[in-house]
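User: I am new to this structure. Can you walk me through its aromatic rings and nonpolar cores?
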Amino acid sequence: MKIPQMIAAEFRRLTASPMSIVALIALMCVPVLYGGLYLWANQNPYANLDRIPAAIVVDDTGTTVDGATVNYGDDVADQLIQDGSFQWHRVEKSSAASGVDDSKYDFSITFPADFSSALASASGTDPHRAVVTLTTNDTNSYLASTIGTQAAEKIRTSIVKQVNEQAAKQFLIGLADIRSNLVSAVDGANKLADGSARAQSGASQLADGTAQLASGSQELAGKLGELASGAQQVSDGAAQVAAGNQQLAAKANQAATAASQIATDAPAAGQRLIQQLQASGADPAVIAQVQATLGQIDSTVQSGNSQIQGAVGQINQLSAGADQVAGGASQVAAGSQQAASGASQVASGASTAASGAAQLRDGLTTLHDGTTQLRDGLKDGVDRIPDNSPSLQKKQASTIADPVNLKNDSITSAGTYGAGLAPFFVALAAWIGIYALFLIVKPVSRRAITALHSPVKITLAGWLTPGLLGAVQMIGLFAIVSGALGFRIDNPLGMYGLMGLASITFAAIILALNVWLGSVGQFLGLVLMVLQLVTAGGTFPWQTLPGPLAALHHALPMSYAVDGIRQVMYGGSAATAWADAGVLALWMLIALLVAAIGVTRMTHFRTLRDLRPSLIG
């Protein structure tokens, strides 16, 4: 018997009665119903989130910001309702709590009474975080709670963006005010620098002048000291001259007194001498001559007395003048001493002034350098702060609040949630479809085995019968995925090729299990499906699996079927798709070889299992 004849005989058996036909059609529809219905139900659930009921509770009492009353809770609630991402219901706190509890709402968002004041506290003395409360109930739906958590995170991000934008706007406005004030400060610093330069110049002149004053006052003090010394000597000499003149005047007065006495006594003395001569009887001629001589003497005495008296008067005047000269010289000496002392004080003060003027000059030089640095620093600060317009400040505030815009530059893209799950459920449906077919399809022809036909032909006939039916199943499933559900398929021919290859590979594997183990093998096919269900990496990345299951991911065939279908469906790597197809083909060949060995055993030996009825079929 040839392979086509064995296949045809099996088909005739499967369609021998109306109920057989119904059973075959029902089992043929299993992968289409399983894969199609599941993918239809999850085609694009994120597009229907607006059907999920959720509650918003706004207890926010508002606050005052810059003199204006604000209520951020109301603003966010209005924005959420307008956005319509969920079916929002604004209710009271008690209604939200009971609604989440009795499944009226899947989750609720609550803005507390201090929500606005907490947001505004960032610019005050008591900054603290605002709280948004998410209330979930996993008995409603775990995924709904997860989606609610993601929604709350998006709300938090949106609020943070608004707060950051407002803060950035205030910061930029303040920065603009600072720049304006710095411009005024630069003008003042320019004037200060100019004034300090003039002050520095004046201080230098003052220092030079006080230095000259100190030098001149030192010389003056020296000269006045010498003058005071000379004046003192003059005063001492004048005093000595005055003392000598006083002695001379006293002697002259004595001489004047004596001369006056002589002048007074001389006539009487001459008269007595004449009388004595007359009394002695002297010659009248002699007396006359003596008298004449006495007259001349008297005249001389009188003249001398007059001269002496005049000289004494001059001496007295000289003595009085000498006293005056001595007094004046003494005053001059005292004055010159005071002048010398004052000049010394002036010199000392001028030296101190010169030192202070030099310090002032140095200090004003430092001040000028500092004011110049201040001016340059302020100008540099002004240059560093951009002079932005209000419209540019608004754009900058928006950019600062949300500086990163995520650009999704996907190498490949599934497009929707359902399309993302499609490779996994297509592969799983292929296994389920083949598994269901083996409930009515005989793994091998007992008639052919009894007739000792070629084990290879028997094996191929037993494989091709469910394989062809599986290929038809994949045609129906492919039509559902690409047509009814409208999923985008980058390589339709390649995708169907991998779907068909996966189906016939799974047929070879389940055939081998049935040939060797019978009904136990059929049960192991179910166990193997469960193992591949969790290790294929169809939902979460396989790297998240526990170690032993992650190892099975690299060994079991469904992993390669899922990966290969992804590559051709999303437009991935053709080389990877061919590699996955190669692994499936290797599994198919190994399974067919194992099945052929089992069929060979069955054609040569009989076992107790062959004599017992199967639990399945």
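Analyst: Start with a definition: rings of Phe, Tyr and Trp pair if their centres lie within 6.5 Å, using the six-membered ring of Trp. The model is predicted.

User: Which residues form one aromatic cluster with Tyr-34?
Analyst: Pairing rests on ring centres within 6.5 Å. Tyr-34 belongs to one aromatic cluster, and its partners there are Phe-424 and Phe-425.

User: How many aromatic pairs does a search of the whole structure find?
Analyst: The search covers the whole structure. The count of aromatic pairs is 8.

User: Are the planes of Phe-86 and Trp-88 stacked or edge-to-face?
Analyst: Planes over 60 degrees apart count as edge-to-face. The ring centres of Phe-86 and Trp-88 are 5.6 Å apart, and the planes stand at 75°, so this pair is edge-to-face.

User: Is Trp-88 buried or exposed?
Analyst: Buried means under 20% relative accessible area. Trp-88 has 10% relative accessibility, so Trp-88 is buried.

User: Which ring does the charged end of Arg-601 sit over?
Analyst: The charged end of Arg-601 is 5.3 Å from the centre of that ring. The ring belongs to Trp-516.

User: Which helix gives the most to the largest nonpolar core?
Analyst: The largest nonpolar core has 73 residues. Helices supplying at least two residues each include α1 (3-14), α10 (417-437) and α13 (492-517). With 16 residues, the helix that gives the most is α10.

User: How many residues does the second, separate core have?
Analyst: This core includes Val-58, Leu-80, Ile-109 and Ala-152. Its residue count is 20.

Note on methods
Residues numbered from 1 in each chain as written. Predicted model: local features only at pLDDT ≥ 70, side-chain atom pairs only at ≥ 80, totals over all residues. Heavy atoms only, no water. Phe/Tyr/Trp six-rings, centres within 6.5 Å; stacked < 30°, edge-to-face > 60°. Buried < 20%, exposed > 50% of the residue type's maximum accessible area, 1.4 Å probe, protein only. Lys NZ or Arg CZ within 6 Å of the ring centre and 35° of its normal. Core = buried A, V, L, I, M, F, W, Y, C linked by side-chain atoms within 4.5 Å. Helix = DSSP H or I, 4+ residues; strand = E, 2+ residues; numbered from the N terminus.
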